[in-house]
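Here are my notes for you, written as numbered points. Keep the structure open next to them and find each residue as you read.

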Amino acid sequence: MDDKLFRAAMGKFATGVTIITTEIDGEVRGMTANAFMSVSMDPKLILISVGHKAKMKEQIEASGQFAVNVLSNDQKEMSMIFAGQKTDTHDVEFNYFEGLPVIDNSLVSIACDVHNSHDEGDHTLFIGKVKNIEIQDGDPLAFHEGSYKQLQEA
Ligand code: FAD
Ligand code: NAD
């Protein structure tokens, strides 16, 4: 099957947008990701899927922890910065939550320890054990058919 068909099909599944953050040796790193899901209530587990070519894979393996920041609809620029879609340099300021860097004004920041990881094809699935969650009101940034969208009531 060709990649274009697979991407077109997966792109029909509308998602939110997150930035995965972590820190190694005092350096903060971030990566935009929409492959995120809730896994288990007891214990509280979540999942992210990180491509083997992404630097974030080694960064999470080295730090053993990460945060998932669910973006609000006014954070499209943040998503573009951390997807490498904006090439000029950007100084992003991070807050700290449970010892992890997090993106200011996200709808949700979920601080996790790596609970498990599974290599599947060209991605690694990281299972995060949730340490703590910060949440605030607002509308999410959405991603559908390769474009950023805002939600509307059905
Ligand atoms: P880099 O290329 O090093 O970092 C990514 C970008 O973030 C760079 O431009 C870098 O300058 C910037 N950056 C990093 N840290 C900082 C910092 N501290 N301050 C300022 N800027 C910084 N890929 C996946 O593997 N899984 C997914 O689920 C996924 N979902 C995506 C969803 C969307 C909507 C989009 C647009 C892309 C998605 N990607 C996903 C692709 C992924 O975001 C890019 O391939 C990304 O560039 C990979 O980053 P990297 O870890 O290799 O790190
Ligand atoms: P797109 O049209 O490539 O993405 C549509 C959907 O296809 C995504 O939501 C995702 O579900 C799937 N997808 C895309 N690339 C994938 C990959 N390499 N592995 C597994 N699933 C993938 O959207 P776009 O705006 O062209 O994306 C911008 C860049 O971000 C592209 O380079 C794309 O490959 C990458 N991206 C990667 C993932 C991922 O690795 N899970 C997810 C989204 C976007």
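**Notes on the fold and the two ligands**

1. Let's start in a loop. Asp-25 sits in the loop between β2 and β3. Have a look at its backbone: Asp-25 is not a glycine, yet its phi is positive, at about 50 degrees. As background, most residues other than glycine have a negative phi. Bear in mind throughout that you're looking at a predicted model.

2. There is another backbone oddity to find. Which two residues are joined by a cis peptide bond? They are Asp-42 and Pro-43, with omega at about 5 degrees. You'll find Pro-43 in the loop between β4 and β5. For context, most peptide bonds are trans.

3. Now step back to the annotation. The unreviewed UniProt entry puts a feature called "domain: Flavin reductase like" at residues 10-150. In the model, that span is 13% helix and 54% strand. The C-alpha atoms at its two ends are 18 Å apart.

4. On to the seven-stranded sheet. It is open, and reading across it gives β3-β2-β6-β9-β10-β5-β4, with antiparallel pairing. Which strands are at the edges? They are β3 (27-33) and β4 (36-40), and each of these pairs on one side only. On average, neighbouring strands here are turned by 35 degrees against each other, if you ignore direction. If pairing is new to you: strands of a sheet pair through backbone hydrogen bonds, either parallel or antiparallel.

5. Zoom in on β10, which has β9 and β5 beside it in the strand order. Strands β9 and β10 are antiparallel and joined by twelve bridges, with Ile-110 standing opposite Ile-133 of β10. These two strands make a hairpin with two residues between them, where Gly-121 has a positive phi near 60 degrees. Strand β5 (residues 45-51) also runs antiparallel to β10 (residues 123-135), through seven bridges. Two positions to click on there: Ser-49 has Leu-125 as its bridge partner in β10, and Ile-46 faces Gly-128.

6. What packs on this sheet? Helix α2 (residues 55-63) does, touching β2 (18-24), β3, β5, β6 (65-70), β9 (108-120) and β10. The direction of α2 makes about 50 degrees with that of β2.

7. Don't miss the other sheet. It is open too, with three strands in the order β1-β11-β12 and antiparallel pairing. β1 (15-16) and β12 are at its edges with a single partner strand each, so one side of each has no neighbour in the sheet. Strands β11 (residues 141-144) and β12 (residues 147-150) are held together by four bridges, and His-144 stands opposite Ser-147 of β12. They form a hairpin with two residues between the strands, and Glu-145 in the turn has a positive phi of about 50 degrees.

8. Next, ligand 1. How many residues are around it? There are 25, and Thr-32, Ser-49, Gly-51, Lys-55 and Met-56 come nearest. You met Ser-49 earlier as the bridge partner of Leu-125. Several polar contacts go to the protein backbone. A backbone N or O atom of Val-28 is 2.9 Å from a nitrogen atom of ligand 1. A polar backbone atom of Met-56 is also 2.9 Å away, this time from an oxygen atom of the ligand, and for Ala-83 a backbone-to-oxygen distance of 3.4 Å is found. On its own, ligand 1 exposes 990 Å², and the protein buries 76% of that.

9. Finally, ligand 2. Which residues surround it? They are Arg-7, Met-10, Gly-11, Asn-34, His-123, Phe-143 and Gly-146. Side chains take part here: a polar side-chain atom of Arg-7 is 2.9 Å from an oxygen atom of the ligand, and a side-chain N or O atom of His-123 is 2.6 Å from an oxygen atom of ligand 2. Gly-146 uses its backbone instead, with a polar atom 3.5 Å from a ligand oxygen. Alone, ligand 2 has 660 Å² of accessible area, and the protein covers 56% of it.

Key. Residues numbered from 1 in each chain as written. Chains lettered and ligands numbered in written order. Predicted model: local features only at pLDDT ≥ 70, side-chain atom pairs only at ≥ 80, totals over all residues. Heavy atoms only, no water. UniProt positions renumbered as here; feature names shortened; annotations may be inferred. Pairing = 2+ DSSP bridges. Axes fitted to C-alpha atoms, helices over the stretch in contact; angles between N-to-C directions. Contact = heavy atoms within 4.5 Å. Near = heavy atom within 4 Å. Polar contact = N/O pair within 3.5 Å; in protein donor to acceptor, adjacent residues only side chain to side chain. Areas by Shrake-Rupley, 256 points an atom, 1.4 Å probe, with all protein chains shown as cover.
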